[in-house]
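User: I'm new to this one and would like to go through it with you. Could you show it to me and explain how each label is earned?

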Amino acid sequence: MRVGKLTALTAGAALLLAGCGGGDAAGGTGENALPGVDQFLNAPCPEAGVKPATDKEFTYWSMWTADEPQGKVLQKAFKCFQEKTGVKVDVQWLGRKAYTQNLVPALNTDAVPDLFDQDVSKVGAAIMTPGGTQSVDDVFAMKVGEGDKTVKDVLSPSSYDFPQNKDREGHNFMVPYTIQSSAWWFNKDTAGDVQQPKTMDELIGLFDKAKTDGKSAISLDGDIPFYNMYFYTQLAERYVGAGGLYKAATDKTGQTWKTEPGFLKAATETAKLPKHFIDGWDAAKFPQVQQRWADGDSRFLYVGSWAPSETREYLDKQGAGTKINYGSFQFPMPAGATHDTVEQMSIGFSVTKKAKHAEAAKAFIAYFLNKDLLSGIPAVADNLVPRADLAVPDDLKQVKAALDDPKKEHVLQYDGIDGIAGGKWQTDVFDPADIALLKGQLTPEQFVDQLAVKGAEFWKNQG
């Protein structure tokens, strides 16, 4: 999932369907249908903790489509909200391109929604930065319909209280309802006893064993730039910690890439991985290679926590009765690294600066965080939520354990470098160097040098 100005959509924004559990799997009725879907959809509506005093409607532009699992959860919430408050929700199901193709162009008009959703990096870069959002600090004091419990009471602080969720005045501009992370995925039934590797040598050993077993080691849909980003950024974060990549990317001289030795070390480790990629990784079109993993052609897949939802959907549509017993693990600490990191991305609601019905929009945010409604995200969409007291899907328990590990240092996905300059720094500077490193067209030293040179050129051209 990518941030981008209207002029810089590129493949990342166009390929948002590559993440976030797109599709209809969780609501399906096939071999891979999730338990609890019907139970959630048919459960009674909870009471609202806040009822708008004046607003009788509000508009919402959704990053989902109506037939996606998340869309089904939200539709129930809208029905319940109207039943309990009398407020109607005028929703447009616009999909992942909504914030760039619809919302960004509308910011200078009065035709903006009251409420919209996206991940925090994209909202920050494309909507908040040009002044398109308003503070949602007041939402955190609103009751969610569970006695006196407020939004602040039920949300995990790490899901919202971080610098990238602050506007220029220091106010929160987004309230999360979904949490994503990333991991190495494998099928427990076919991969054998796979334990969390403690070193990069142990990780490479898993790849070598896959080859011995007659499998390709790693599936990668190389036509998606932000899938290619995972490898280097995951390793670099373990050397430089939270904020380290962002600091280097925003250094207008570009020299931080060369003066911080962790960046070259991370590139050296990254360069060891491509020989284990599945044949055709850089020529196929998503989701062909991911589907090859689901079919068992390869042993491992590194993507976000939406992997089970997406691959389950694919297998369900195949209709062959095939199932995956999902297992996952995190990147190990490379030699000399000192930051035991885990990435996190918050997806949530924001209210536009020009919202005509902000009162109702904010009341709905609080209502959706009620446990009886938010439970639909794990139950129907097979995703994680920012409430610690709700069920964790079996597929995601290892990811959730990493997120909850108090010894780990939380880092915003890609350390937020995908949101710099509305996404243009990534597309203009990082992506060309990254794909060249993965293809062996640049050595680790040349990769770091190119980031330094091209980064300095980029900032000079920004004025």
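Analyst: Sure. The protein has 20 helices and 10 strands. Keep in mind that this is a predicted model.

User: What makes the protein as compact as a globular protein of that length?

Analyst: Its radius of gyration is 22 Å, and the globule rule gives 23 Å for 463 residues. Those values are close, so the protein counts as being as compact as a globular protein of that length. The C-alpha atoms fill a box of roughly 60 × 55 × 40 Å along the principal axes.

User: How many of the residues count as buried?

Analyst: Of the 463 residues, 59% do. The cut-off for that word is a relative accessible area under 20%.

User: How do you know what span helix H14 should have?

Analyst: Helix H14 covers residues 307-318, which is 12 residues, and at 1.5 Å a residue that should span 16 Å. Its end C-alpha atoms are 17 Å apart, which agrees. After the helix comes Gly 319, with a positive phi near 70°.

User: Why is H14 called largely enclosed by the rest of the structure?

Analyst: Because 10 of its 12 residues are buried. Among them are Pro 308, Arg 312, Tyr 314 and Leu 315. The buried residues of H14 pack against several elements, including strand E5 (182-187), helix H9 (225-240) and helix H17 (376-381).

User: What makes the bond between Phe 286 and Pro 287 a cis peptide bond?

Analyst: Look at omega, which is about 5° for that bond. Pro 287 sits in the loop between helix H12 (261-270) and H13. As background, most peptide bonds are trans.

User: Which value of Asp 415 is positive in a residue other than glycine?

Analyst: That's phi, near 55°. Ala 421 also has a positive phi near 55°. In general, most residues other than glycine have a negative phi. Asp 415 is found in the loop between strand E10 (409-412) and helix H19 (424-438), and Ala 421 is in the loop between E10 and H19 too.

User: Why is Asp 415 called buried or exposed?

Analyst: Buried: the relative accessible area of Asp 415 is 2%, and the label needs a value under 20%.

User: And why is Ala 421 called partly exposed?

Analyst: Ala 421 has a relative accessible area of 23%. Buried means under 20% and exposed means over 50%, with partly exposed in between, so at 23% Ala 421 is partly exposed.

How values were computed
Residues numbered from 1 in each chain as written. Predicted model: local features only at pLDDT ≥ 70, side-chain atom pairs only at ≥ 80, totals over all residues. Heavy atoms only, no water. Helix = DSSP H or I, 4+ residues; strand = E, 2+ residues; numbered from the N terminus. Expected span 1.5 Å × (residues − 1). Buried < 20%, exposed > 50% of the residue type's maximum accessible area, 1.4 Å probe, protein only. Contact = heavy atoms within 4.5 Å. Rg over C-alpha atoms; globule rule 2.2 N^0.38 Å.
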